[in-house]
Amino acid sequence: MYNAYIVVPFVVWAITQFLKFSIAALAGRVDFRYLYASGGMPSVHSAVVVSLATTAFLVDGPSSSIFGLTAIFAAVVMYDSFGVRRASGEQAVAINEILDKLREAGVASQPRQHLREILGHKPLEVTVGAVTGLLLGCLFNIDRMGPALTWLSQPVNRTGIYVLAGASVLLIVGPMIRRFLALRKYKDIPVVVEATIRSFWTFVTIGFVGLFVAFLQYEKVQAALWIVWPIKLAIIFVIAAAYFLIKYRSTVPEAVRAHEAAQDKKKWHEGPNKKRRAKAERSRKRK
C-alpha cells in the first residue's frame, strides 16, 4: 500500500543525499560520507521535513491537523539545523584546535580524538534544502496539483524505461572511460585533472540516479512511473553539461595546447641530438 507520508520523505532523503554528494564532488571534495552523513549543501533535514509538510498540504489540505503538525515540525527542525546543531559544530572546531595545540606542546598525551565538526548548516544550506524538499514534494504529489500539470504524471511506457536505463548506463560508462584516458594522457595538467574528476563524479551520480529511477519504473512503483522524472534528469544533465562547458571551455584547451607544445619542443630537442649528447656524455665520463 502506497503511503505518501513515508515514501515521499524517504525518496526525498535519498535524492537530496545524492545531490549533496554531487555538489561536494563538483567542488572537488569527493567524500562518500556525504551520501549518508549530515551537514553540507543542501540540508537533507530541511528537504525531508519540508517534503513531509508539502505532502500533508497537498493530500489533506491546509486546514488539516496533520499539515499543522508537519509545518511546525519542519520549522523546528530547520531552526535547529542552523541554530543548535551549527553551534555544536563550531564548538567542535574550537575544541579540536585546542586539543591539537595541547598535543603539539606536549601537554596532552592521550590518544588523538577528533570531534565531528560538520553538524549543522548555514542559512543558505537550510534554504536550499527547504526549496529542494518543496519542489520534490510537489513533484511526488503532482497528480494532486490540478489538471494543468497532470501530463507530468503520465506513466512512462516500457520503451521509455529501456531508453532511460540505456542512457544512464552510458552516463556511467562514458565518464569512466574518459577519466581513464584523460588522466593517463594529461595527468600532469592540473586543470584537466580537476575538470575530469569533477565531471566524472557529477555525471556518474546522475547515471546511477537514472538507473535507480528506471528500476523503480520497471517495478511499477507508483510515483516513480511519472514522466516528470526522466524530464527532470534530462534538465539536470543539461545544466551540468552547460556548467562544465562554460567553466572549462577556454582553460582546458589552452592548457592542453600548452602541454602538447611543451612535449613537442622536448621531443624536438631530444630527437636529432639525443644520440650525439649521449655519446658526448659517455666520453666525458671516460675522461
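## Helix H8 and two pockets

In H8, a helix (a DSSP run of H or I, at least four residues, numbered from the N terminus), the buried residues (under 20% relative accessible area with a 1.4 Å probe, protein chains only) are Val-228, Trp-229, Leu-233, Ala-240, Phe-244 and Tyr-248. They lie on the same side of H8, because they cover an arc of only 145° around the axis, taken from the directions from the helix axis to the C-beta atoms. Val-238, Ile-239, Leu-245 and Ile-246, on the other side of H8, are exposed (over 50%).

This is a predicted model, in which local features need pLDDT of at least 70, side-chain atom pairs count only at pLDDT 80 or more, and totals for chains, interfaces and linings use all residues. Residues are numbered from 1 along each chain as its sequence is written, and side-chain values use heavy atoms, without hydrogens and water.

A pocket is an open set of points on a 1 Å grid over the protein atoms alone, where a 1.4 Å probe fits, with protein on both sides within 12 Å along at least five of seven lines; lining residues have an atom within 4 Å of a point. A volume is the space filled by probe spheres set on the points.

| Pocket | Volume | Lining |
|---|---|---|
| Largest | about 940 Å³ | 34 residues |
| Second largest | about 330 Å³ | 13 residues |

Nearest the centre of the largest pocket lie Ile-15, Leu-19, Val-209, Lys-232 and Ile-236. Helix H1 (4-26) gives the largest share of this lining, 10 residues. For the second largest pocket, Arg-178, Ala-195, Ser-199, Tyr-248 and Val-252 lie nearest the centre, and H7 gives the most to the lining, with five residues.

How values were computed. Helices (H or I, at least four residues) and strands (E, at least two) are DSSP runs, numbered from the N terminus.
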